[in-house]
Amino acid sequence: QSAVNVPRDFEGCSTLRKYFGQLHYLQSRIPMGAEQEAAVPIAWTEIFSGKTVTHEDIKYEQACILYNLGALHSMLGAMDKRVSEECAAGAFTYLRDHFPHSYSVDMSHQILNLNINLMLGQAQECLLEKSMLDNRKSFLVARISAQVVDYYKEACRALENSETASLLGKIQKDWKKLVQMKIYYFAAVAHLHMGKQAEEQQKFGERVIYFQSALDKLNEAIKLAKGQPETVQEALRFTMDVIGGKYNSAKKDNDFIYHEAVPALDTLQSVKGAPLVKALPVNPTDPAVTGPDIFAKLVPMAAHEASSLYSEEKAKLLRDVMAKIEAKNEVLDQFMDSMQLDPETVDNLDMYSHIPPILMEKCAALSVRPDTVKNLVQSMQVLSGVFTDVEASLKEIRDLLEEDEAQEQKLQELLGKVPPPQGSPPPPSPGLAEVSKECSKYMEVHEKASFTNTELHKAMNLHIGNLRLLSGPLEQVRATLPSPTLTEDDKQVLQNLKRILGKVQEMRDQRMSLEQQLREMIQKDDITTSLVTTDRSEMKKLFEEQLKKYDQIKVYLEQNLAAQENVLKALTDANVKYAAVRKALAEVEHKWNTTVQTLVASYEAYEDLMKKSQEGKDFYTDLEGKAARLLEKARAACQAAEANRQQILEKEMKKQPPPRPTAPKPALQKKPPELEAGGLDVGDLPPLGSLVLSELPEELRSL
């Protein structure tokens, strides 16, 4: 109802555009076209004949709305100030190009062409007037005016068509006469400004012929203007004054001053028109014009199917792009793996300028424990003292046992007992046997502990120096850590390599970003609404147009991929120069890491060393007590064994018979050399009985 009774203003234009767009949305979903299931009769009145024309086709409704939109635009243009180059031709052009011409006579191809060119011509007139008011260059004004002539010539051809003449009737002659008058008039304006240009170029002969031609064409326009309003007559008279004055002045100057030959008009270059006006575009699916689609929830199955086809086209595009990206990424990854270049560590010179945090932490921890080294040394000394005491006690026990064993063996030999097998000592007394068993056990434990003690002392000696260093000034710690020495050339090589590695990372990041953008664009790209309002025959074309939105990002990606070869070549060259520097840095870094690890290990070993030292002290203190008790026991047992041996020896000597008083005392008066030397005691003498008998005279031996 609003579109039929539309107000004669720009709000009316908006209403017509909105209604036209909603009709477009509707006919895409409901079969309301000619001979379709939901077609309904639609009636409109022809503007020229006054007849009512009815068609069962929704497109006829759209065509009539478009015609009225163009008509309303032309009315508003006539009322508006003549300063705009936009015109009503857009609606008529869209109607001519997108709808059948058989609906009614006033929508025929010739009538629409007439309307289009009339609108374009009048719009170009507005632009011409504006150009003259703005004092544009004469040649430009001439071209704009020539284009007005071209538009009106096209309109005149449409008016001369028999179909148009029969439809328009009497007004056809009036319109034709007016259009022809305008053709001559604007041709005169065009030649007037061509004459002005010749004057500027000091071509005085050309100036005369252009002004003369302008005067001739203006006279023709005046003839055709009979019956036109007084405003038109006044404009023609004003123009005659301008052109006539220009012509008379130019002719007089040339005749009396310049004397240039006046060329024939047809020998001069014709003025080519400059079409600078534009038709207001008609886009039935522009939401800014049509408003929201009131049938948006009605999506035909065909649109869903077409959307699936479009999704497959998008997926194909993504697959093609990703295949190229993955191929390049694989080459890049393999290349970087073979190079073994980590951008973050290729230039690690900064790490040598300061103490690493882990080492600073250890230094800080030791700074609040100043007695660390002192405590460790004292612990070592205490442990060594206890160890020495235990070893001395066990050695004394062993010496006592060996001495007792030797004395026991001598006693047995003195008593004439059969000597024991070679290497087998006589069995000790039960007390000493127990002492010997315990001593052996303690010696075994001591030997095992001695190895552990030795290793502990080695570890302590190894770590004490590092602990002293960590406890001292930080400058000393820093001086202990190795650092590389690089020449200026070496530094330049490093900087160049870092720059190229930065380019590699930049290329990677850009590639990932572009890939992500492409995926997001594809994911958000839903043209179902457009597919609903697109004819099936236009689907392929629509797909191609829609996929063009990805062209720019594809170009960026291709440029990124193409750059990879040059970047990798530059990286290869830089890496060759970096080889010597890399080796030197690797050696220094290894020494640095080893030093740091050693110092950290010394700190971490401190608590363990103290713990093991304490355990060693506790162990040896316990062992020292046991060894001391065993030593006392050994001394007591040895004394008891010695006393027992003395008793046995005295008893054996009492068993021997006493010597006779008359018996001579031969050799006994003289001590053997062994006794004289003091080398033997009583226990070393041979058995007494055998000694006496051997010294008796022969005649007494039988007694």
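Helices α11 and α16 run roughly antiparallel to each other, and that is because their packing angle is about 160°, where anything over 145 counts as roughly antiparallel. This is a predicted model, so please take what follows as a reading of a prediction. Helix α11 covers residues 301–339, helix α16 covers residues 488–524, and their axes lie 11 Å apart. The crossing of α11 past α16 is left-handed. On the α11 side, the contact includes Lys314, Leu317, Leu318, Val321 and Met322, and further along Ile325, Lys328, Asn329, Leu332, Asp333 and Met336. Facing them from α16 are Leu501, Val504, Met507, Arg508, Arg511, Glu515, Leu518, Arg519 and Ile522. Sorted by class, the contact of α11 with α16 has 12 nonpolar residues, seven charged and one polar.

Now the chain as a whole. The protein chain has 703 residues, of which 38% count as buried. It holds 21 helices and four strands. If we take contacts between residues at least 6 apart in sequence, 81% of them join residues at least 24 apart. The largest nonpolar core has 75 residues. Which residues have the most contacts inside that core? They are Tyr60, Leu66, Leu95, Met107 and Tyr185.

Tyr185 is a useful link to the next part. Setting aside residues up to four places away in sequence, Tyr185 touches Leu218, Ala221, Leu236 and Thr239. Those four residues also appear in the contact between α8 and α9, with Leu218 and Ala221 in α8 and Leu236 and Thr239 in α9.

So to that pair. Helix α8, residues 204–224, packs on α9 at an angle of about 150°, and the axes are 9 Å apart. That angle makes α8 roughly antiparallel to α9. Here too there is a left-handed crossing, of α8 past α9. From α8, the residues that meet α9 are Phe204, Gly205, Arg207, Val208, Phe211, Gln212, Ala214, Leu215, Leu218, Asn219, Ala221 and Ile222. From α9 they are Leu236, Thr239, Met240, Ile243, Gly244, Lys246, Tyr247, Ala250, Lys251, Asp253, Asn254 and Tyr258. By class, the contact of α8 with α9 divides into 14 nonpolar, six polar and four charged residues.

Two glycines in α9 deserve a look. Gly244 sits in helix α9, residues 230–258. Is Gly244 buried or exposed? Gly244 counts as buried because its relative accessibility is 11%, and the cut-off for buried is under 20%. Gly244 is 32 residues from Gln212 in sequence, yet their C-alpha atoms are 8.5 Å apart. Gly245 is in α9 as well. At 37% relative accessibility, Gly245 counts as partly exposed. The C-alpha atoms of Gly245 and Phe211 are 9.5 Å apart, with their positions 34 residues apart in sequence.

Next, α5 and α7. Helix α5 takes in residues 138–159 and helix α7 residues 170–200; they pack at an angle of about 160°, with axes 8 Å apart. That makes α5 roughly antiparallel to α7. The crossing of α5 past α7 is left-handed. The contact of α5 with α7 is made up of 17 nonpolar, six polar and five charged residues.

One residue of α4 comes in at this point. Asn117 lies in helix α4, which covers residues 109–133. Asn117 counts as buried because its relative accessible area is 9%. Which residues does Asn117 contact, leaving aside its neighbours within four places in sequence? The partners are Tyr151, Glu154 and Ala155.

Last, two backbone items. Most residues other than glycine have a negative phi. Gln202 has a positive phi of about 60° and is not a glycine. Gln202 lies in the loop between α7 and α8. With 56% relative accessibility, Gln202 counts as exposed. His259 has a positive phi as well, near 55°, and is likewise a residue other than glycine. Its place is in the loop between α9 and β4, the latter being 278–279. How large is the relative accessible area of His259, and does that put it on the buried or the exposed side? The value is 55%, so His259 is exposed, the cut-off for exposed being over 50%.

Notes:
Residues numbered from 1 in each chain as written. Predicted model: local features only at pLDDT ≥ 70, side-chain atom pairs only at ≥ 80, totals over all residues. Heavy atoms only, no water. Axes fitted to C-alpha atoms, helices over the stretch in contact; angles between N-to-C directions. Parallel < 35°, antiparallel > 145°, perpendicular 65-115°, else oblique. Left-handed = near helix turned anticlockwise from the far one by under 90°. Nonpolar A, V, L, I, M, F, W, Y, C, P; charged D, E, K, R; others polar. Buried < 20%, exposed > 50% of the residue type's maximum accessible area, 1.4 Å probe, protein only. Contact = heavy atoms within 4.5 Å. Core = buried A, V, L, I, M, F, W, Y, C linked by side-chain atoms within 4.5 Å.
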